[in-house]
Amino acid sequence: MEIDTLYFIQLVCNSYLVSLVFMTQFITYPTFLDIDKDKFSEYHQKYVNKISFIVAPVMLIELLTLFIIAYLSSDFLIVKTLILLLVIWMTTFFIMIPSHNRISKSFNKKEIINLINYNWVRTILWSFKLLVIIFLYYEKF
């Protein structure tokens with residue numbers, strides 16, 4: 001696979017994930033606060049099951065293609081972008097998933113607000129990463 005194709009895949013995946021993280025930040029997570037407390041656990045479990053199929057494959061493709069680009073490229077900015085993506089993954093696995101696990105048991109307004117606030121980290125980092133990828137893509141091709 002050519003490096004320009006890998007950059008394009010990176011651009012598509014990153015754009016897709018930025019749009020999802022913005023929808024999550026401004027629509028989905030705030031809506032958690034409005035769900036009936038008695039139905040919240042059931043609603044949340046359905047949400048997690050469905051969103052996982054939408055997000056996980058694209059996140060994996062994004063990570064894999066960026067690793068390959070970093071391996072093939074001598075561009076230090078790509079390495080920094082990879083570090084940015086690894087921070088996003090660490091935030092997801094060490095903050096967001098445990099938070100989701102806590103609220104999956106029962107409605108917890110404070111935890112949902114924490115989820116919304118911590119998600120800003122991913123929203124900002126993914127957005128910044130997209131800007132860097134756009135810059136690199138148009139600079140190189």
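Which side chain does Glu 111 meet in a salt bridge? The partner is Arg 102, at 3.0 Å from N to O. I will come back to that pair. One caution before we go on: what you see above is a predicted model.

Let me start with the overall layout. We have 4 helices and 0 strands. From the N terminus, the order reads α-α-α-α. The C-alpha trace spans about 55 × 25 × 20 Å along its principal axes. The protein has 141 residues, and 43% of them count as buried.

Now the helix packing. Two packed helices are described by the angle between their axes and the distance between the axes. Take H1 and H4 first. Helix H1 covers residues 3-32. Its axis and that of H4 come within 9 Å, and they cross at roughly 155 degrees. Over 145 degrees counts as roughly antiparallel, so that is the label for H1 and H4. Their crossing is left-handed. What does the contact of H1 with H4 consist of, by residue class? The split is 21 nonpolar, 8 polar and 4 charged.

Next, H3 against H4. Here the axes come within 10 Å. The crossing angle is roughly 160 degrees, so H3 and H4 are also roughly antiparallel to each other. H3 passes H4 in a left-handed crossing. The contact has 20 nonpolar residues, 6 polar ones and 4 charged ones.

On to the core. In soluble globular proteins, nonpolar side chains tend to be buried together. In this model, the largest nonpolar core has 28 residues. Which residues have the most contacts inside it? They are Tyr 7, Leu 17, Met 59, Leu 66, Ile 78, Leu 85 and Trp 126. H1, H2, H3 and H4 each give two or more residues to this core. H1 gives the most, with 8 residues.

Back to charges. The count comes to 4 salt bridges. I will go through three, including the opening pair.

First, Lys 129 with Glu 62. Their closest N and O atoms are 2.9 Å apart. Lys 129 sits in helix H4, residues 109-140. Glu 62 sits in helix H2, residues 40-72. The two are 67 residues apart, and the pair links distant parts of the chain. Are these two residues buried or exposed? Lys 129 has a relative accessible area of 0%, so it is buried. Glu 62 is buried too, because its relative accessible area is 0%. The cut-off for buried is under 20%.

Second, Lys 140 with Asp 75. The closest N and O atoms are 3.0 Å apart. Lys 140 lies in helix H4, while Asp 75 lies in the loop between H2 and helix H3, so the pair ties together parts that are 65 residues apart in sequence. Accessibility splits this pair. Lys 140 is at 36% relative accessibility, so it counts as partly exposed. Asp 75 is at 16%, so it counts as buried.

Third, the pair from my opening question, Glu 111 with Arg 102. Glu 111 is buried, because its relative accessible area is 11%. Arg 102 is partly exposed, at 45%.

Two more positions, as spot checks for your own viewer. Lys 105 lies in helix H3. Is Lys 105 buried or exposed? At 66% relative accessibility, Lys 105 counts as exposed, since the threshold for that class is over 50%. Now select Lys 105 and Glu 42. In sequence they are 63 residues apart. In space, their C-alpha atoms are 9.3 Å apart.

The other position is Thr 28, in helix H1. Thr 28 has a relative accessible area of 17%, so it is buried. Pair Thr 28 with Ile 97. They are 69 residues apart along the chain. Their C-alpha atoms are separated by 15 Å.

To wrap up. This is a predicted model, with 4 helices. H4 is roughly antiparallel to H1 and roughly antiparallel to H3. The largest nonpolar core takes two or more residues from each of H1, H2, H3 and H4. And the Lys 129 to Glu 62 salt bridge joins a buried lysine to a buried glutamate.

How values were computed: Residues are numbered from 1 along each chain as its sequence is written. This is a predicted model: local features need pLDDT of at least 70, side-chain atom pairs count only at pLDDT 80 or more; totals for chains, interfaces and linings use all residues. Side-chain values use heavy atoms; hydrogens and water are left out. Buried means under 20% relative accessible area, exposed over 50%, partly exposed in between (1.4 Å probe, protein chains only). Axes are lines fitted to C-alpha atoms, for helices over the stretch in contact, and angles run from 0 to 180 degrees between N-to-C directions. Angles under 35 degrees count as roughly parallel, over 145 as roughly antiparallel, 65 to 115 as roughly perpendicular and the rest as oblique. A crossing is left-handed if the near helix is turned anticlockwise from the far one by less than a right angle, and right-handed if clockwise. Ala, Val, Leu, Ile, Met, Phe, Trp, Tyr, Cys and Pro count as nonpolar, Asp, Glu, Lys and Arg as charged, and the others, Gly among them, as polar. A nonpolar core is a set of buried Ala, Val, Leu, Ile, Met, Phe, Trp, Tyr and Cys residues joined through side-chain atoms within 4.5 Å.
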